[in-house]
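Here's a quick walk through a ligand site, written for someone who'd rather look at atoms than wade through jargon. Have a look at the model first.

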Amino acid sequence: MRPSEFEYHKADSLEQALALLQEFGDEGRPIAGGQSLVPMMNLRLARPAHLVDINGLGLDTIEKKDGVIRIGALVRHERYLAEPLIIDNFPAFIDGVRAIGHPTIRRNGTIGGSLAHADPTAELPLLCMLHDGEIIAASAGGERRLPATRFFEGAYMTVLEAGEMIVAVELPVPPASSSGAFVEMAERRGDFAIAACGVTLEHARGRVTRAAVACSGAGQTAMRAPQLEEALEGLELAHPDAAAAIAAFTETLNPPDDHSASADYRRALVGQLTEQALATACSRAMEAS
Amino acid sequence: MIEITLEVNGETRRLSVESRRLLADVLRQEFNLSGVHIGCAHGACGCCTVHLDGKPRLSCLTFAAQCDGKSVRTVESVGGVGADHPLQKAFRSEHGLQCGYCTPGFIMTLIPFVEEMTAERRMPDEEEIREAMSGNICRCTGYQGIVEAVRKVIGENLEEGAQA
Ligand SMILES: Cc1cc2nc3c(=O)[nH]c(=O)nc-3n(C[C@H](O)[C@H](O)[C@H](O)COP(=O)(O)OP(=O)(O)OC[C@H]3O[C@@H](n4cnc5c(N)ncnc54)[C@H](O)[C@@H]3O)c2cc1C
Ligand code: FES
Ligand code: FES
């Protein structure tokens, strides 16, 4: 199929893009990598009347400043795999990025597009939640900072308003003695996941001092697991047995039940993936210390 | 309608396109490049892969209007009518194709990978080769012949480099 008619506008500056988005309101959308929007338009699941092309705006740097790593909205997925600021600080993030689609998709898709598209099992929304990310959204009226944990309202739904666009994501730099891992299960390599789990740990003297856990496939959006995170404090890196705490967490889940997996299967899968991610994060922490 | 200038396989042309025209359709219909195959038109099969400013890009997920001033390479720029680029020859000798529908997409996806491995002077393992072509679907060959073709051409390149 082919898209319905629309008007194309190439923005040369952020100000111009925001003015155009404000003018078009609900009828307009930014286009970044086009790797999710154009399939939706070709299938006529999306029919925007106006597209504002933001590819000429720059917004494609990864910088460290004041304890945070700031990732521009137009950074393409493949960039992280060769970026020391990400490789050195966010091992779980790197695991997750490797699982996004295929090389051509990773070369063209952007973080702003992935977050705004909000596929329920996309990797970057989960990873931004896991790493306590903040999403910076701009509109003609100014900027808002939105914690990733409060950005997603449901499958393909975010708190972004008409006229607003993502300009960057900021991830706080973790302390030196930290570790992490991400694991997912998909029907085929490169497909969207059925479920996924990311874990990060801070540790001292062989024990976990702080943990973060985020998973997808467990609900309509990715989510953090605060009770489980608390239960993991004090865990020995050498014996990362947290089966009881993980079971207590998965019991509370109410995952989707659909053609690709039943709710029970997803609940069990999230538990398995969490155990695996936790074990890898612990063994990485031991290797490094 | 939007006025754009496109450089395609060395030929520069100005043309006027509707916003919604896909690059894949413009290449096929305005430039008569029937080697740009459309399998799914939603990013899932890789058949329509071309190089946009030197990098692989799915032409079914690209509007021609976005390509003003850019340079496009299609499979027609590779090996000519004889299809005698070393990777194309290896596809023939290793049974990397049968009906051929997916072949232009595989060739355009894999040429940069072969060049990268040659530049790094290393033979990728099977898993790396399969990852490099994971965005392309082939319904005929079962992929093994394509993996062999990639290995063969990288092997030849490494040998040549070793002699030089
Ligand atoms: C075959 C295939 C497999 C894929 N597999 C995966 C996968 O396994 N995991 C995964 O996560 N993704 C996958 N993707 C999607 C890919 O990661 C996309 O790149 C990403 O979801 C969207 O990024 P984009 O830059 O292409 O956005 P676009 O397609 O350009 O836009 C997507 C949406 O975001 C909006 N948007 C874009 N930029 C901004 C911005 N800065 N601010 C506000 N709104 C914005 C658009 O208006 C649109 O609604 C796959 C895609 C394909 C075609
Ligand atoms: S036709 Fe473009 S990916 Fe299938
Ligand atoms: S050769 Fe027929 S689809 Fe690949």
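Which residues of chain A does UniProt list for "domain: FAD-binding PCMH-type"? The unreviewed entry gives residues 1–176 of chain A; UniProt positions use the numbering here, feature names are shortened, and annotations may be inferred rather than shown by experiment. That span is 30% helix and 26% strand, and its end C-alpha atoms sit 51 Å apart. Helices (H or I, at least four residues) and strands (E, at least two) are DSSP runs, numbered from the N terminus.

A word on ground rules: this is a predicted model, where local features need pLDDT of at least 70, side-chain atom pairs count only at pLDDT 80 or more, and totals for chains, interfaces and linings use all residues. Residues are numbered from 1 along each chain as its sequence is written, chains are lettered from A and ligands numbered from 1 in the order in which they are written, and side-chain values use heavy atoms, leaving out hydrogens and water.

Now the ligand. Ligand 1 lies between chains A and B, with 32 residues around it (a heavy atom within 4 Å). Among the elements, α6(A) gives the most to this shell, with five residues.

The backbone makes these polar contacts (N or O pairs within 3.5 Å):

| Backbone partner | Ligand 1 atom | Distance |
|---|---|---|
| A:Gln35 | oxygen | 2.7 Å |
| A:Gly113 | oxygen | 3.5 Å |
| A:Ile166 | nitrogen | 2.8 Å |

Taken alone, ligand 1 exposes 970 Å², and the protein buries 94% of that (Shrake-Rupley method, 1.4 Å probe).

Conventions: Polar contact = N/O pair within 3.5 Å; in protein donor to acceptor, adjacent residues only side chain to side chain.
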